[in-house]
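This report covers helix packing, the ligand site and one residue's surroundings. The sequence and structure come before the details.

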Amino acid sequence: MQSCYDRPIKMPDTLPNNEKVLHLVHDLGDCTDSRGVLRAATERFADLFGDYAVFGFLMSDSHLEHWMVLPLQNPRRPVFGAVDPDELTEKTDSDSLAQIHGRDVTAFLASNHKLRSVVEEPEIVFVASQDDDEELYADVQSILPVPVPTVLVGTWRRPSGGIGAILLGFTKQIDAEPMMPLFKMAVKLTSRLAFYPAFSSFIEKLEKVSHSLRRNLVHDLKTPATVIQGYAETLMMPEVGEDPALRQELLQGIREQAERLLEDLRDILHPLDAHWKPQKEAFDLALLLQKAVTSEKHTTRAADHEFRLLGVEGELMVSADKRKIRRVIENLLSNAVKYSPGQNKTVTVSLELANDEARITFKDEGIGMTPDQLDKALSGGVRVVDATLGIEGSGFGLDSCRRILDAHGGKLDASSSPGLGSRFTAVLPLSGDDEPNLRWPGSG
Ligand code: ADP
């Protein structure tokens, strides 16, 4: 997260004061660390308004139950009881600072309906001076450690609920009309940026989502890259040089996977969200399955595995999104291999037609999962594997398999037993919502 705590802000001297504030607003606009903003703003305000005595800061939690005041002093005019901006290091905990320097005004606010209603009214700037409203002014003043003739209150609605407020106090009454927009801007600046935990957690959530997307991306691109690597390693074996047919087959495999990599790169722009629709085309599902198993056999991870491939003798023409179905097959197949580490493990892949649907089953003899782990794994974005096994993955593959099959009107079935292995079945119905997914051989 961007820290603006020690960010140097060049303030052109030639600018008029209100433009200097605008400049500051612009410069701090992307900051989210409250103390950094507070400190930077205080120092700049000291330059701009040298004769203000205190710069107060009122914080709230999301339910307005806990309010505190953290009075900040002008570095040029130290005030007893207020916080020196130098105390506000990046790691300062505002709560403890407020305990030392500020006051918990929960009781005060609760008993003062007038002030509370001012504070609870979002998006306003309230100016209280002795002349405006003596009683209210006195109440507000009692929160601050020094007498301040003019107090501004800026409030804003927090995204997670409740209201945040900032309180600025000045030694001089602001009566000159041209100064008002400047102070309003100052309030807006600090209220927008300073102490915004809800905003920070929003940014954190965004960062998590983008991290997940990156992991997902790596997962998708890794599959073809691993297969290309496997083909290339086989090609480098001396005996392959003497077998032109095998060489040709391997080179063909590399070309197909490279094409797939390019297609996947294009797919990145079209995520599997609710709007995604399969791009159906006719293809031979049995052949696709055979090719996927051949590719998988060439990977290093499958070096010690046995493969059994059943039900692919004949052609099985289907109309479905070929690339996405290939992705489902490759994902379930690579999982069956990855999650059955050790010697002589058999992976059984079978294609069946039953009850108007094609069922592609991947059965392994691997580590398996408990029912609870299986539920979690299917819910997407979760890895339930013991990290010490060192099996790589992102936890997104099963979720995208499920989405792809759902979009075809199909589903992903699974069963698993810890220590015994797992069975995943991709179910593709004979006819989808709009047009048939399957076409019988010879039906055109
Ligand atoms: P990953 O990229 O982690 O392999 P997946 O979405 O494909 O992600 O799978 C989610 C999780 O489900 C995996 O991290 C693993 O814990 C578990 N899992 C998937 N397939 C199997 C399997 N065949 N055997 C055991 N566990 C599996």
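A residue is taken to be near a molecule if one of its heavy atoms lies within 4 Å of it. The model is predicted, and the values below are computed from it.

**Ligand site**

The ligand is surrounded by 20 residues, of which the closest are Asn335, Tyr339, Arg383, Ser394 and Leu398. Polar contacts to the ligand include the three in the table, made by aspartate 364, arginine 383 and valine 384.

| Residue | Protein atom | Ligand atom | Distance |
|---|---|---|---|
| Aspartate 364 | polar side-chain atom | nitrogen | 2.9 Å |
| Arginine 383 | polar side-chain atom | oxygen | 2.6 Å |
| Valine 384 | backbone N or O atom | oxygen | 3.0 Å |

Arginine 383 thus appears both among the closest residues and in the table, with its polar side-chain atom 2.6 Å from a ligand oxygen.

**Packing of helix α11**

Helix α11 spans residues 322-338 and helix α13 spans residues 397-407. Their axes come within 9 Å and cross at roughly 145°, and the crossing is left-handed. On the α11 side the contact is formed by Lys324, Ile325, Arg327, Val328, Asn331, Leu332 and Asn335. On the α13 side it is formed by Gly397, Leu398, Cys401, Ile404 and Leu405. By class, these residues are 7 nonpolar, 3 polar and 2 charged. Asn335 of α11 and Leu398 of α13 take part in this contact, and both are also listed among the residues closest to the ligand.

Helix α11 also packs against helix α9, residues 244-267, at an angle of about 110° with the axes 12 Å apart. Angles of 65 to 115 degrees count as roughly perpendicular, so α9 is roughly perpendicular to α11. From α9, the residues in this contact are Gln257, Arg260, Glu263, Asp264 and Asp267. They meet Arg323, Lys324, Arg326, Arg327 and Glu330 of α11. The class count here is no nonpolar, 1 polar and 9 charged residues.

Two α11 residues, Lys324 and Arg327, occur in the contact with α13 and also in the contact with α9.

**Surroundings of threonine 226**

Threonine 226 sits in helix α8, which covers residues 197-235. Its side chain reaches the backbone oxygen of lysine 222 at 2.6 Å. Apart from neighbours within four places in sequence, threonine 226 contacts Thr299 and Arg301. The C-alpha atom of threonine 226 is 9.6 Å from that of serine 295, although the two residues are 69 residues apart along the chain.

Technical notes. Residues are numbered from 1 along each chain as its sequence is written. This is a predicted model: local features need pLDDT of at least 70, side-chain atom pairs count only at pLDDT 80 or more; totals for chains, interfaces and linings use all residues. Side-chain values use heavy atoms; hydrogens and water are left out. Axes are lines fitted to C-alpha atoms, for helices over the stretch in contact, and angles run from 0 to 180 degrees between N-to-C directions. Helices (H or I, at least four residues) and strands (E, at least two) are DSSP runs, numbered from the N terminus. A crossing is left-handed if the near helix is turned anticlockwise from the far one by less than a right angle, and right-handed if clockwise. Contact means heavy atoms within 4.5 Å. Ala, Val, Leu, Ile, Met, Phe, Trp, Tyr, Cys and Pro count as nonpolar, Asp, Glu, Lys and Arg as charged, and the others, Gly among them, as polar. Angles under 35 degrees count as roughly parallel, over 145 as roughly antiparallel, 65 to 115 as roughly perpendicular and the rest as oblique. A polar contact is a pair of N or O atoms within 3.5 Å; within protein, one must be able to donate a hydrogen and the other to accept it, and residues adjacent in sequence count only if both atoms are side-chain atoms.
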